[in-house]
2 protein chains.
Amino acid sequence: MARPSGSQAEVTGPRVRAAAERLFARHGYAAVSMRRIAAEVGIGAGALYHYIPDKQTLLVDLMAAHLEELLAAWRAADPGGDPVSRLEAFARFHIRFHLDRTDAVTVAYGELRSLEPDGHARIETLRRAYEAVPEGILTDGAVAGAMRVADVRLAGMALIAMLTGVNTWYRDGGRLTRTDVETIHADMARGMVGAGPP
Amino acid sequence: MARPSGSQAEVTGPRVRAAAERLFARHGYAAVSMRRIAAEVGIGAGALYHYIPDKQTLLVDLMAAHLEELLAAWRAADPGGDPVSRLEAFARFHIRFHLDRTDAVTVAYGELRSLEPDGHARIETLRRAYEAVPEGILTDGAVAGAMRVADVRLAGMALIAMLTGVNTWYRDGGRLTRTDVETIHADMARGMVGAGPP
DNA sequence: CTTGGAATTGAACGCCCGTTCGGTTTATGC
DNA sequence: GCATAAACCGAACGGGCGTTCAATTCCAAG
């Protein structure tokens, strides 16, 4: 019979994905065995297959879920308005979102080479959709004459790389708060595209 | 007896390291077997151990060699002089050097988590030494009043992240030449730190 | 041509891999 | 308390892993 809400599947499934995400981020997809994921959840390796079809699908689903959530979160956070303040909002949003999900980010950015062709195509499509966000902002800013952008695609990639780089060094409790980091990056982002200080 | 120059060891050793670097970059350290490296070189798996002590040492040596070469190359390329033109030189140097060694860069940046504690400490020291390069330039620029830098360490990390990001998307024969990419990034680097157009 | 060390093979070692599956436990709706 | 299906165990499958090692091939120096 169908289990009521609160069944084991509804709590163990997410625990499997959370454990896999943490372990993939820490050690890499290829270095993590199904037995180790299962041990983290407290079940046998065979029982994993009640929650996921196979290891590769688990990876693809983790990456896709992260990127879809990222896109949806920006759609909700996009303030619209003038391109320069949208650029600043994007920088702050990107840093905040990524610092809140370091494991998912590490997996989504670092395990592209572990994907088989089908999954790779699906994930690449989502990545391109997110890359289009800063490109749109920069195009608007250049057209409006508020930004000096030699190449929109290049500048968009440079912006994303700069912002995502925060994940490699930022640790809570360090010298700077998240808000400090957001503000400084928002300033640098404006400088990068020749939009003067606020 | 000692082999003369041109012996097998002097040509096969480098071939082993080159094959390992290429495979590690493409598939990741954990996903590449010693048998596959050996097959790439055209020898049996056992013969690898005449050139390297073990797989982990091979990885550490690849990463250390890359970072030491990077540091030496900057020492040779550093033009000195005023901080703003040094910043531009650094940006161009970083992009050129990294685009010339995409495999080594992928391994050196992406396999930190595959390192055991000893190797990790050695590699981290080299990374910190390179991170000190932009920090020094930015400190000089801020002191001289030629740059506006809210936090030297943060700005240095942001600069490196932006420049290294080129490796994720640039392909020869694309829309932009390497010189285009260098020039645009040098301009953005100046803008990031509030040093106006040239 | 002999010699001796470098270079290499190929089998073997013990271990872990992803995945499958028959059987058993668990817990709910009736 | 019984039926039932989800949840899970634990062994098994075929295969690949990093590494070792005795035996063999290779080849320049003497």
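These legends go with close-up views of a predicted model.

**View 1. Chain A on its own, an all-helix chain.** Here's the basic layout: chain A has 9 helices and 0 strands, and its pattern along the sequence reads α-α-α-α-α-α-α-α-α. The C-alpha trace spans about 60 × 40 × 35 Å along its principal axes. Of the 198 residues in chain A, 35% are buried. If you look at contacts between residues at least 6 apart in sequence, 71% of them join residues at least 24 apart.

**View 2. Helix α4 of chain A and what packs around it.** α4(A) runs over residues 83–99, and its 17 residues should span 24 Å at 1.5 Å a residue; the end C-alpha atoms sit 24 Å apart, so the two agree. How many of its 17 residues are buried? The count is 12, which leaves the helix mostly covered. Among the buried ones are P83(A), V84(A), L87(A), F90(A), A91(A), F93(A) and I95(A), but the list also includes R86(A), E88(A), R92(A), H94(A) and H98(A). The cover over these buried residues includes α3, α5 (102–110) and α6 (117–143) of chain A, along with α7 (152–164), α8 (166–169) and α9 (178–192) of chain A.

**View 3. A104(A) in helix α5.** A104(A) belongs to helix α5 of chain A. Is A104(A) buried or exposed? It counts as buried because it has 23 C-beta neighbours inside 10 Å. Setting aside residues up to four places away in sequence, A104(A) touches E21(A), L62(A) and H66(A). R92(A) makes a handy reference point: A104(A) and R92(A) are 12 residues apart in sequence, with 18 Å between their C-alpha atoms.

**View 4. Where chain A meets chain B.** Chain B puts 28 residues into this contact and chain A puts in 27. On the side of chain B that touches chain A, α1, α7 (152–164) and α9 (178–192) of chain B each supply at least two residues. Which helix gives the most? That's α9(B), with 7 residues. Sorted by class, this side of chain B comes out as 16 nonpolar, 8 polar and 4 charged residues.

**View 5. The two copies overlaid.** Lay chain B on chain A and you get an RMSD of 0.0 Å, using a turn of 180° and a shift of 0.0 Å along the axis. The two copies are therefore related as by a two-fold rotation axis. Both copies use the same surface, too: 96% of the contact residues of chain B recur in chain A.

**View 6. The largest nonpolar core.** This core has 57 residues. The ones with the most contacts inside it are A155(A), A158(A) and M192(A), plus A155(B), A158(B) and M192(B). Two or more residues apiece come from α4, α6, α7 and α9 of chain A, and likewise from α4 (83–99), α6 (117–143), α7 and α9 of chain B. As a general matter, nonpolar side chains in soluble globular proteins tend to be buried together. For a closer look, take A158(B): leaving aside neighbours within four places in sequence, it contacts M162(A), G165(A), H185(A) and M188(A), as well as M192(B).

**View 7. The protein surface near DNA strand C.** There are 23 residues around this strand, and those that come nearest are S33(A), D54(A), A9(B), G44(B) and G46(B). The elements giving two or more residues here are α2 (34–41) and α3 (55–77) of chain A, together with α1 (8–27) of chain B. In class terms, the surface divides into 9 nonpolar, 9 polar and 5 charged residues.

**View 8. The protein surface near DNA strand D.** Around strand D there are 23 residues, with A9(A), G46(A), S33(B), G46(B) and D54(B) coming nearest. α1 (8–27) of chain A and both α2 (34–41) and α3 (55–77) of chain B each supply at least two residues. This surface has 9 nonpolar, 9 polar and 5 charged residues.

**View 9. H120(B) in helix α6.** H120(B) lies in helix α6 of chain B. With 15 other C-beta atoms within 10 Å, H120(B) is partly exposed. Not counting residues up to four places away in sequence, H120(B) touches L112(B) and L115(B). V60(B) is 60 residues away from H120(B) along the chain, yet their C-alpha atoms are separated by 8.1 Å.

Terms used
Residues numbered from 1 in each chain as written. Chains lettered and ligands numbered in written order. Predicted model: local features only at pLDDT ≥ 70, side-chain atom pairs only at ≥ 80, totals over all residues. Near = placed C-beta within 6 Å. Helix = DSSP H or I, 4+ residues; strand = E, 2+ residues; numbered from the N terminus. Nonpolar A, V, L, I, M, F, W, Y, C, P; charged D, E, K, R; others polar. Contact = placed C-beta atoms within 7 Å. Buried ≥ 20, exposed ≤ 12 C-beta atoms within 10 Å, placed from the backbone. Expected span 1.5 Å × (residues − 1). Core = buried A, V, L, I, M, F, W, Y, C linked by C-beta atoms within 7 Å. Least-squares fit on C-alpha atoms with pLDDT ≥ 70 in both.
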